[in-house]
Amino acid sequence: MRIKIIKYSVIFLFAVIVINLFYLQAIRGAYYYKLSAFNRIRVIPLQGWRGKIYDRNNTVLADNELSYNVLVIPQEIKNSLGLINFLSEALETDKKKLEDNYRRNKGRGDFVPVVIAESIKREQAIRIEEEKYLHPGLLVEESFRRFYPLGANSAHVLGYVGRTDRSRLAKFKDYGFSPQSITGYSGVEEYYDAYLKGEEGGLQVEINSAGEQVRLLGWKEPKKGQDIQLTIDAKLQSIIEESLFGINGSVVIMETDTGEVLGLTNNPSFDPNIFIDSKRSKEKVTLLNDVKSPLINRAISAAYPPGSAFKVPVALAGLERKKVSANTNFTCNGSLEKGGITFGCTHSHGPQNLLQAIAHSCNVYFYNLGIILGSDIIAHYAKMLGLGLHTHIDLPYEEPGNIPSRRETIFKQKKWYTGNTINMSIGQGDVLSTPVQLVKMMAIVANEGKIVQPHVIKSIGEIVDSRFKSFQRILINRSVFEAMNKSLRATVTEFSGTAHVAAIDNLFVAGKTGTAQTGSKSEPHAWFVGYARGTKRNITFCVFLEFGGSSQNACLLARQIMLKMRENGLL
Amino acid sequence: MDRNNWIKIWFYVLAIIVFGLAALYSASYENIRVSRQVFFDQLHFCLLGIFLMFFLGRIDYRKFYDAAYIFYFINLLLLLFVLFSGRHILGARRWIEVGVLNFQPSEIAKLSLILVLARYFTSRKPFLIFSVFSMIRGICIDFLVPLFITGVYMLLIYAQPDLGTALLLFGVLFAMLFVSGIDGRYIGFFSLLFSAAILLCFFWEPLSDHVLKPYQKDRLLVFLNPNRDPLGAGYTIIQSKIAVGSGQIFGKGWLSGTQNQLNFLPERHTDFIFSVIGEEWGLIGALILLFLYLRLILVCLNIAENIRERFGILLSSGITAILALQVVINIGMVIGLFPIVGITLPLVSYGRSSFLVFMIFMGFMLNLSRKRSIF
C-alpha cells in the first residue's frame, strides 16, 4: 500500500539527516569545536563610504577622508600593561585617557573589538601595524571619517554624524545598525540617513591562537552611500553668516516659485567637524552645554510670536470673508479700549484703510478687524497659509508652532476672552510660528495662492527629487491676494511704511515687519518677512532676530543681504 | 492496539515537548537577545496545547468533515486580512492581532488545507485511465481542482512573504494525492512538472526576479555557497553549522553552549532551536530527538494503515506528511542541507500558532487511533 511507501521514504529522509549529523558532529566535530570554543571566527567590519553632500552649484559641503582607528580585542590581550604602555608611547597620549576610552567603549562579550583611539595619524598607524605582532589583540582599522570643508557653513541644514547612540540602536537594530556604525544626527544627515549611509561590509576570517589570520571565510564588499545635492547655495549661506555675525537670529531665503530653500542660517551656529574629531571633545562638551543652544535649528525648531507679521493672514481672512474691503476705514486714536483694558498702538494713525494699516502696521485697525472676524476664522485662515502646522520641510525636528482659537480653548475647558482675540490679531498671545512657516506663508501670498513646499533636497544620487514639483492652490480669491500684495509693496515703497529702510533701487521688494513683545524686560523679537523679484530669480525671505529690538534692524539686515546677493549675481 | 497507540502518541508528544522546553530554557538563559519570557510563554502554550489535544481526542474527527469547507473559507478570509492589515515582524506580514489574541493564519492554513483536501479526495474516487477522455477528466478533477484549492493558499502565503510554508503546503498536497490512490502516471507527471516549475522559478533569471524577493534569492544562492554573504544570510548557516558541529558526540552540556550563549545565532529560539539542541546535547541528544520524531511519525502511519475509512486515512496521512516534512526540512536547514526557509521544528520551536496547530493535529491523531470502523 502507498502508506508503506511513505513510511520508507520518511525513514530514508531521516537516515539522510542522521548521516549528515554524524558527519557534522562526529567526524568534523573537532574542527567546529575548535572554531566555536576559541571563537576563532572574527568579523572585521568595513565601513561603507558615506554619500557626499553638494550644494546647488556642486560645492562639496560634506566629504569623507581616510582615517585610522586603534581597536583591541579584550579576550586576546596577554599583557595589558605592556599594551597600554606601547600604545600611549606610540600615540603620544595619556595612559589614563586610553583606559578611559577602553572602559567607555567596552561592549558585552570579550570578543567584541573595542575602539581605544580614533583617527590617529598615518605614521602612527603604520608604526602600530608594524609592532602589532608583539601585542596580541591589537587591531588597526582603516575607516572613513566625515569632513565638512566649509566648517560652520550650513551646519544646521547639514547636521552632523556620530556613532549610533542607544536609543537609535534600539530603533534601527533590525536594519543592521551596530554601535560602531555612523549615523546622522539632525539636518540632512539625519533626514536622508538611509540614502547617505553606505552598506557596511566586512571580512569574516578564521584566526589562530596567536591572533593571526589563518584563512578568509568570506568577504562582503562595503557599498558606497548615495550622493545628495541640496538646493542650498553655499555662497549665499556665507553671505548670511557674515551679516548675522554677532546677532542672534535666523535667516531663511527660498525661491518663491519652486520652494527651493537657498539659504537657511542661524546664529549661534556650530562647526559639525567638532563631533567627528575625538581630539575636539572638549569643544563638543562646551557646545552641548552652551546656554544659547547653538545646536538648535531655530529656523524650523523654535517657535516665536510672529507679532505684526501675523497681520497678513488676518487681513486675508477679512478680505476673503468680505468683512472689510480694501477701502474700509477704521480710525486709530492710538489705542483701543475693550473690557476695561487698553490695547495700544505705536502712535495715533488716524483713519486707516487696509493698505495704510498694513504699511503702517496699525494695531487698532487689526484689533477692530480681529473682533469682527473672531478668532476661529483667523485661525482657519492662518492654518490655511500653513501657520501652526508643520511645513514638512525635509529636515528633522520641525516644530509646528501654535495657532490658538476660541473653539479649541473652550474645548480644553479654558476661558477665551475678546482680549485674547485682540492679542491674537496682532500675532501676540499664544500665537507661535517658526521662521520657515512665515516664509512659506509669504511665498503663498507672493504666488497669489500657489502653495509651495519648502525643501532643501535637489537630487539623490542620479535621481532628481520630484516630490515637490507639483503645486496645489489655496482656496482664496486671487483678487484678495492682489490687494494684499499691493499693501505689502506699499510697506516698503511708502515713505511712512514700516519697512521703508529695506527699499532697494531697481528691485521689487515687498514684505511685512513684525516686532513681537516678549515681556516687559527683554527686547522684542524683530521680524521682516517678504519677497523680492530679482532679474535672476524671485525670492521669499524671512529675517528673524531673537530679542533683536525694533523691526527696523531686521529690515536693514534683509537689505544688506539682498544687496550682497545682487552683487554676487544671486538675485 | 487501540489503547496502545493512544498511549504511544501521548508519550512521544510529551517527551518531545519536554525536550523542546529544556532547549528553549537554555536558549533564553541569561540572554539579552531572547528574553526569559519566551520560555514562560511557551510553557503556557504547552498547558493550553495539552488541554486542546486532550479535548480534540474526544471529539469525533468526522464532525470536521462537514466543517471542512467552512474552515477553508474562514481561513481564506483571514489570510486575505493578514495580507492587507497584518502586523509586520521581521519584514513579513504574517500575524493577526485581535486583542490579546495574535496568531499566524498561515499556520492554521495547514490545518484547514488538510481537512479540505481530505474531504475532497474522500468524496471522489480517483478515475482510472481507460482512454484519452478519461485521462483528461482525471487530470481535471483529480489533479487540477486540488491544485487550485492548494494554490490559492499558496499564493496568499507566498505573498506575505513566506515561501517556506507555501512550498510545504505543496508537499502536503503531493502526499495526499499520493495516498488518495491517484494513478501512478499522474504522480510521475506531477513531480516532473513541479520540479521543472521550481527550477524555472528559481534559476531562470527573468522569472526568478519576479518570483523571489531579493532576500529569498540571497538565501538560495547563499545555500549553494555560504561564503557568498558571510555577514548576512550566509552568517546564519555558517554559525548554525558551527553550533551543531561543535556539539560533537556528547555535547557541551545543558546551558553551556558557547555559540548559543554568546549570541552568535539569530532566531535560535524559533527556527534554529535545533542548533541549540545539537550544540548542547551533541549527536546523542540530536539522535534521541530524531528517534522520538521518527517513532511518532511511524505510530501515526500505523494508525493511518489501520483505518478503513477514506477520510480518516487521508486526514492522518496529511497530518503525518506535514509533521515529517517540517522535521526534515527544519533540521536539514539547520545543518545546511536545505536553504533557509521559515519553517519551525514541530512542538519544539517557540511560536504559539505553530505549536498549537501541531497539538491540534496530535489531538486528531488521538481520535483517529480510537476509531476502528466506520459504523
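**Notebook: strand β22 and the A–B contact**

I started with confidence, since this is a predicted model. Chain A has an average pLDDT of 86, and 93% of its residues score at least 70. I then looked up the extremes in chain A: strand β9 (residues 213-220) has the lowest confidence, with a mean of 66, while helix α19 (residues 435-446) has the highest, at 95.

Next entry: strand β22 of chain A. Is β22(A), residues 525-533, largely enclosed or not, and why? I found that eight of its nine residues are buried, so the rest of the structure largely encloses it.

I then checked what β22(A) pairs with. On one side I found strand β21 (residues 508-516) of chain A, which pairs with β22(A) in the antiparallel sense over nine bridges. As an example I picked Val509(A), whose bridge partner in β22(A) is Ala532(A).

β22(A) also pairs with strand β23 (residues 538-545) of chain A, again antiparallel, over eight bridges. Here I noted Ala526(A), which has Leu545(A) as its bridge partner in β23(A). These two strands, β22(A) and β23(A), make a hairpin, and four residues sit between them.

Last entry: where chains A and B touch. I got 31 residues from chain A and 40 residues from chain B in the contact. Which helices of chain B each supply at least two residues to its side? My list reads α6 (163-179), α10 (233-246), α11 (258-261), α12 (273-306) and α13 (310-334). The largest share of chain B's side is from α12(B), with twelve residues. Sorted by class, the side of chain B that touches chain A came out as 25 nonpolar, twelve polar and three charged residues.

Technical notes: Residues are numbered from 1 along each chain as its sequence is written. Chains are lettered from A and ligands numbered from 1 in the order in which they are written. This is a predicted model: local features need pLDDT of at least 70, side-chain atom pairs count only at pLDDT 80 or more; totals for chains, interfaces and linings use all residues. A residue is buried if 20 or more other C-beta atoms lie within 10 Å of its own, exposed if 12 or fewer, and partly exposed in between; C-beta atoms are placed from the backbone. Two strands pair if DSSP finds at least two bridges between them. pLDDT is the predictor's confidence in each residue, from 0 to 100. Two residues are in contact if their C-beta atoms, placed from the backbone, lie within 7 Å. Ala, Val, Leu, Ile, Met, Phe, Trp, Tyr, Cys and Pro count as nonpolar, Asp, Glu, Lys and Arg as charged, and the others, Gly among them, as polar.
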